[in-house]
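Reader: Hey, got a minute to walk me through this one? I'd like to go over it bit by bit.
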Amino acid sequence: MKHVLKGDGHLSHDLDSHDRPPKDACGVFGVWAPGEEVSKLTYYGLYALQHRGQESAGIAVSEGSRILVYKDMGLVAQVFDESVLGTLRGHLAIGHCRYSTTGSSVWENAQPTLSSTESGGLALAHNGNLINTPELAKRLAPGSTRATTDTEVLTTLLAQDRSQSIDDAAAELLPQIRGAYSLVFMDEKTLYAARDPQGVRPLVLGRLERGWVVASETAALDIVGATFVREIEPGELITIDERGVRSRRFALAEPKGCLFEYVYLARPDTTIAGRGVQTTRVEVGRVLAREHPVEADLVIPTPESGTPAAVGYAEESGIPYGQGLVKNSYVGRTFIQPSQTIRQLGIRLKLNPLKEVVAGKRLVVVDDSIVRGNTQRAIVKMLREAGATEVHVRISSPPVSWPCFYGIDFATRAELIAGSLSVEEIRASLGADSLGYISLEGLTAATTIPADRLCRACFDGEYPIPIDQDNVGKYVLEAKR
Ligand code: SF4
């Protein structure tokens, strides 16, 4: 295992740390393909999943006799280069890009995690968040780990059962784990993948000419030339080796897919449950236009996450669509802390209005969600300063009023603006002429998934996997220690 810590070991993605967008909790990728450069396939798979986690990245690889892990803080393209990938040879690999939910964002908590079994190593990568981590941690052998992440607890537990094969150990352990988990893991010869019984986070299986791929999103299959086979079922464990793909069920499926994947998290070119995310988002915009019509001259998105819904809103309302805000795509990826002068410019570092487009116009501004409201407040102010005569804000998700315990880091309830203010109070706080959120029913209908097969907890507070407040929280293991 090679350890290379960069600079201060931390990234500074958030120019305005008081108003971060929702953060996903990782992308996972696995490949079993003798004769292919599996570490390069994993690199490109992670590249396609970079939006799901930008704090650290890692790849584990095996040529049949030992597992090698390389991981570091930073983006996939910052962590790996040709020479590093050239040292990672083998016929199977797993990869991970992280946004931290349980456990600090430090090198030690980067994934894949590695643990030893009696017969060799076990590397594991996890998307999601467990909600009974302290209870699981009590079952670890004394001194076996100083884990501060749910993932490391899980890896150590899997590896410490020495009486049976890894897939038997997983089939026995996984039903005792609560929360959201889409997993890829491996020993020296075999690739495994598993998804929690609720299937909160996505996980798909793809086929290569000479092997198999497992990934968080279908977009990662596309980038490595794999064809989509199917979704890994909720409660399913699969094993991949030279005998092909074998499936076993470790729990009954009780599907509760994350509704927020459709709103914001997944890539628009990903397919969930047979329907393209982009198609769903455009439809959401149409519903939003029907639910919250307004007289205006131009519909503009908050780029880029508001774009598909803005297209749908414009199509349905007949109001022309235009680009009124230009996004600097790269500024949020800097390692350099902005100076005080730069920081005061705030939102302008990321978004700048096109004055000639917005001046003198009544605007509809479409965004995907409001977390704390600072970004939208700054956008409304900026558009008025650029000459807009009216600014009507339309949001393609219902108010986010509750925190997520299944792998998305929004904020605490107290920090969520919709946790304490009414829609009218939020409108006044943003300084908008009007504000309209899509209804929960409208959003659900646009996904074409029945409501009872979705998690919608951040919108309605009904958590499908019951939460024990004492056992959740980013620093739950560090705090208990
Ligand atoms: S609480 Fe919200 S973000 Fe979290 S899994 Fe449920 S729908 Fe998704």
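Reader: How many aromatic pairs does the structure hold?

Author: There are 10 aromatic pairs in it. Keep in mind that this is a predicted model.

Reader: Take Tyr-43 and Tyr-44. What kind of aromatic pair do they form?

Author: Tyr-43 and Tyr-44 are edge-to-face, with 5.1 Å centre to centre and 90° between the planes.

Reader: And is Tyr-43 buried or exposed?

Author: Tyr-43 is buried, at 12% relative accessibility. Tyr-44 is partly exposed, with a relative accessible area of 42%.

Reader: What about Phe-405 and Tyr-463, what kind of pair is that?

Author: That one is tilted: Phe-405 and Tyr-463 are 5.4 Å apart centre to centre, with 55° between the planes.

Reader: Where do Phe-405 and Tyr-463 lie?

Author: Both are in loops. Phe-405 is in the one between strand 22 (390-395) and helix 14 (417-420), and Tyr-463 is in the one between helix 17 (457-460) and helix 18 (476-480), so the pair ties together parts that are 58 residues apart in sequence. Phe-405 counts as buried at 14% relative accessibility, while Tyr-463 is partly exposed at 21%.

Reader: Back to the tyrosines for a sec. Which residues form one aromatic cluster with Tyr-43?

Author: Tyr-44, Tyr-47, Tyr-70 and Phe-80 form one aromatic cluster with Tyr-43.

Reader: OK, charges now. Which ring does the charged end of Arg-207 sit over?

Author: The ring of Trp-212, and the charged end of Arg-207 is 4.0 Å from its centre. There is also Arg-413, whose charged end sits over the ring of Trp-402, 3.8 Å from the ring centre.

Reader: Where is Trp-212 found?

Author: Trp-212 is in strand 11, residues 211-215. With 14% relative accessibility, Trp-212 counts as buried. Its C-alpha is separated by 8.3 Å from that of Gly-30, although the two are 182 residues apart along the chain.

Reader: Let's switch to the ligand. Which residues surround the ligand?

Author: Going along the chain, you meet Val-200 and Arg-201, then Cys-258, Leu-259 and Phe-260, then Cys-404, Tyr-406, Ile-408 and Phe-410, and finally Cys-455, Ala-457 and Cys-458.

Reader: How do the residues of that shell divide into nonpolar, polar and charged?

Author: The shell around the ligand has 11 nonpolar residues, no polar ones and 1 charged.

Reader: And what space is taken by the ligand?

Author: The ligand takes up the largest cavity.

Reader: What about Asp-460, where is that found?

Author: Asp-460 is in helix 17. Asp-460 is partly exposed, with a relative accessible area of 25%. The C-alpha atoms of Asp-460 and Ser-401 are 7.5 Å apart in space, and these two residues are 59 apart in sequence.

Reader: Now helix 5. Why is it called largely enclosed by the rest of the structure?

Author: Because 9 of the 11 residues of helix 5, which spans residues 150-160, are buried. Among the buried ones are Asp-150, Thr-151, Val-153, Leu-154 and Ala-159.

Reader: Last topic, backbone oddities. Which peptide bond to Pro-112 is cis?

Author: The one from Gln-111 to Pro-112, with omega near 5°. Pro-112 is in the loop between strand 5 (92-98) and strand 6 (113-117). Another cis peptide bond runs from Pro-303 to Glu-304, with omega near -15°. Glu-304 is placed in the loop between strand 18 (298-301) and helix 10 (307-317).

Reader: Why point those out?

Author: Because most peptide bonds are trans, and most residues other than glycine have a negative phi.

Reader: On that note, what is the phi of Ala-273?

Author: Ala-273 has a positive phi of about 50°, although it is not a glycine. You'll find Ala-273 in the loop between strand 16 (271-272) and strand 17 (275-276), where Ala-273 is partly exposed with a relative accessible area of 45%.

Reader: And Thr-448, what is phi there?

Author: Phi of Thr-448 is near 65°, again positive in a residue other than glycine. Thr-448 is in the loop between helix 16 (440-447) and strand 24 (454-455).

Reader: Is Thr-448 buried or exposed?

Author: Thr-448 is exposed, with a relative accessible area of 52%.

Key: Residues are numbered from 1 along each chain as its sequence is written. This is a predicted model: local features need pLDDT of at least 70, side-chain atom pairs count only at pLDDT 80 or more; totals for chains, interfaces and linings use all residues. Side-chain values use heavy atoms; hydrogens and water are left out. Helices (H or I, at least four residues) and strands (E, at least two) are DSSP runs, numbered from the N terminus. Buried means under 20% relative accessible area, exposed over 50%, partly exposed in between (1.4 Å probe, protein chains only). Rings of Phe, Tyr and Trp (its six-membered ring) pair if their centres lie within 6.5 Å; planes under 30 degrees apart count as stacked, over 60 as edge-to-face and the rest as tilted. A charge sits over a ring if NZ of Lys or CZ of Arg is within 6 Å of the ring centre and within 35 degrees of the ring normal. A residue is near a molecule or strand if one of its heavy atoms lies within 4 Å of it. On a 1 Å grid over the protein atoms alone, a cavity is a set of points where a 1.4 Å probe fits but cannot get out, and a pocket is an open set with protein on both sides within 12 Å along at least five of seven lines; lining residues have an atom within 4 Å of a point. A molecule sits in a cavity or pocket if more than half of its atoms lie within 2 Å of its grid points. Ala, Val, Leu, Ile, Met, Phe, Trp, Tyr, Cys and Pro count as nonpolar, Asp, Glu, Lys and Arg as charged, and the others, Gly among them, as polar.
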